[in-house]
Amino acid sequence: MSQGKIVLMACGSFSPPTYMHLRMFEIAKDYIHSLGLGTIIGGIVSPVHDAYGKKDLVAANHRISMLKLALRSSGWIKVSEWETQQAGWTRTKVSLQYHQDTINNNLTSNNDNPPSWLPDDMLNVNNIQPRDLNKLNERMNGNMEDKVTVKLLCGADLLESFATPGLWSEEDMEAIVGRHGLVVVSRAGCDPGKFIYESDMLYKYRRNVTLVTNYIANEVSSTVVRRLMRRGESAKYLTEDSVLAYIRQNCLYGAEPFVT
Ligand SMILES: Nc1ncnc2c1ncn2[C@@H]1O[C@H](COP(=O)(O)OP(=O)(O)OP(=O)(O)O)[C@@H](O)[C@H]1O
Ligand SMILES: O=C(O)c1ccc[n+]([C@@H]2O[C@H](COP(=O)([O-])O)[C@@H](O)[C@H]2O)c1
């Protein structure tokens, strides 16, 4: 797979975001940079459309607000509202392609209104240095060697959901792994190496799958945060305080509002 510019994109419910959703980006970025597997120029969190209909999926406006609160301290990860603004659920292959095309088109055009989810490195096309102009011109003439690849960043459980009958289409899985690539962070109870070995398709494209071990393993999940909030127990340090305050203020997941 290319060792060029990479944007990591995580898809999911994020209902609510936990600190692990964001740790995943940091762990993956460090691993890729330390092995010289490419240059991470940005991260995108793409919450799923309400029509996905998963249990406890609160409205997208709440999930987006919580993600923005959770990401306030990040200089490189942005929330993309694009999936939530479509007429219905968007398959991940389509979302990856949309984000990749928009980033690369933005690189080759003087776009005055870039989408807010665009990584910061992509926003300064108008301020491009003269020494970079040749490269830009080459790209506009079809030389896309400097093209950005948007890779799917996920936990090992999402990779293993590839085997859930009827969930993903064969063609989509092959396009995601073959054209974009996966960055998979380890998760308790999953064995992504074995999973790849046992799938002919994943084995064929194994060079496009980066397995990242999270040595500070934990089982923080949205389910855990929802359960604690519902029971009126503390979820402090599992996600940002501002996210927990937002959940209480909006009485999400059965949480009680602040008692004054
Ligand atoms: N503790 C974790 N370790 C590794 N990856 C994780 C972890 N928690 C979430 N992820 C990953 O984050 C992405 C978004 O997942 P999702 O929104 O389903 O989170 P979740 O916490 O697993 O949610 P839920 O508990 O509602 O199923 C997925 O790729 C998932 O694998
Ligand atoms: O594209 C597909 O075929 C596809 C099939 C199943 C799940 N997904 C995506 O995977 C994510 C699953 O999120 P979650 O919270 O159920 O782990 C969500 O973003 C879905 O859009 C995508």
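Trainee: How many helices and strands are in the chain?
Mentor: This is a predicted model. Its secondary structure is mixed, with both element types present. The count is 11 helices and 6 strands.

Trainee: What share of the residues score a pLDDT of at least 70?
Mentor: The chain averages a pLDDT of 91. For the whole model, ipTM is 0.97 and pTM is 0.92. Where pLDDT is low, coordinates should not be read in detail. The share of residues that score at least 70 is 89%.

Trainee: What share of the chain's residues count as buried?
Mentor: The chain has 260 residues. A residue is buried if 20 or more other C-beta atoms lie within 10 Å of its own. The buried share is 36%.

Trainee: Among contacts between residues at least 6 apart in sequence, what percentage join residues at least 24 apart?
Mentor: Take the contacts between residues at least 6 apart in sequence. Then keep those that join residues at least 24 apart. The percentage is 75%.

Trainee: Which element gives the largest share of the largest nonpolar core?
Mentor: That core has 59 residues. Among those with the most contacts inside it are Met24 and Ala28, and both are buried residues of α1. The largest share, 7 residues, comes from α1.

Trainee: Which residues does Leu153 contact, leaving aside neighbours within four places in sequence?
Mentor: Leu153 is itself one of the core residues with the most contacts, along with Leu8, Met9, Met24, Ala28 and Val184. Its place is in β4, which runs over 148-155. Its contacts are Leu8, Met9, Ala10, Met24, Phe25, Ala28 and Val183.

Trainee: How far does helix α1 reach from its first C-alpha to its last?
Mentor: α1 covers residues 19-34, which is 16 residues. At 1.5 Å a residue, 22 Å is expected. The model comes close to that, at 23 Å.

Trainee: Which residues of α1 are buried?
Mentor: An α-helix has 3.6 residues a turn, so residues three or four places apart point the same way. Compare that with the list for α1. The buried residues are Met20, His21, Leu22, Met24, Phe25, Ile27, Ala28, Lys29 and Ile32.

Trainee: Which residue with a positive phi follows α1?
Mentor: Look just past the helix. The phi there is near 65°. The residue is Gly36.

Trainee: Which peptide bond is cis, with omega near 0°?
Mentor: Look in the loop between β1 and α1, where Pro16 is found. The bond leading into Pro16 has omega near 0°. The cis bond runs from Ser15 to Pro16.

Trainee: Is Asp56 buried, partly exposed or exposed?
Mentor: Asp56 sits in the loop between β2 and α2. Its phi is positive, about 65°, although it is not a glycine. It has 15 C-beta neighbours inside 10 Å, so Asp56 counts as partly exposed.

Trainee: Is Cys251 buried or exposed?
Mentor: Cys251 lies in the segment after α11. Its phi is also positive, near 50°. Because there are 11 other C-beta atoms within 10 Å, Cys251 is exposed.

Trainee: Which element gives the largest share of the shell around ligand 1?
Mentor: The shell has 20 residues, and the closest are Gly12, Cys154, Gly155, Ser221 and Thr223. By class it divides into 8 nonpolar, 9 polar and 3 charged. Elements that give two or more residues are β1, α1, β4, α6 and α10. The largest share, 3 residues, comes from α1.

Trainee: Which elements give two or more residues to the shell around ligand 2?
Mentor: Here 14 residues surround the ligand, the closest being Cys11, Ser13, Val48, Arg91 and Thr92. The classes are 6 nonpolar, 4 polar and 4 charged. The elements are β1 and α4.

Trainee: How far apart in space are Glu219 and Met20, C-alpha to C-alpha?
Mentor: Glu219 lies in the loop between β6 and α10. It is exposed, because it has 10 C-beta neighbours inside 10 Å. The pair is 199 residues apart in sequence. In space the distance is 8.6 Å.

Trainee: Which residues does Glu256 touch, not counting those up to four places away in sequence?
Mentor: Glu256 is in the segment after α11. With 10 other C-beta atoms within 10 Å, Glu256 is exposed. Its C-alpha is 9.1 Å from that of Arg231. The residues touched are Gly232 and Arg248.

Technical notes. Residues numbered from 1 in each chain as written. Chains lettered and ligands numbered in written order. Predicted model: local features only at pLDDT ≥ 70, side-chain atom pairs only at ≥ 80, totals over all residues. Near = placed C-beta within 6 Å. Helix = DSSP H or I, 4+ residues; strand = E, 2+ residues; numbered from the N terminus. Nonpolar A, V, L, I, M, F, W, Y, C, P; charged D, E, K, R; others polar. pLDDT = per-residue confidence, 0-100. Expected span 1.5 Å × (residues − 1). Buried ≥ 20, exposed ≤ 12 C-beta atoms within 10 Å, placed from the backbone. Core = buried A, V, L, I, M, F, W, Y, C linked by C-beta atoms within 7 Å. Contact = placed C-beta atoms within 7 Å.
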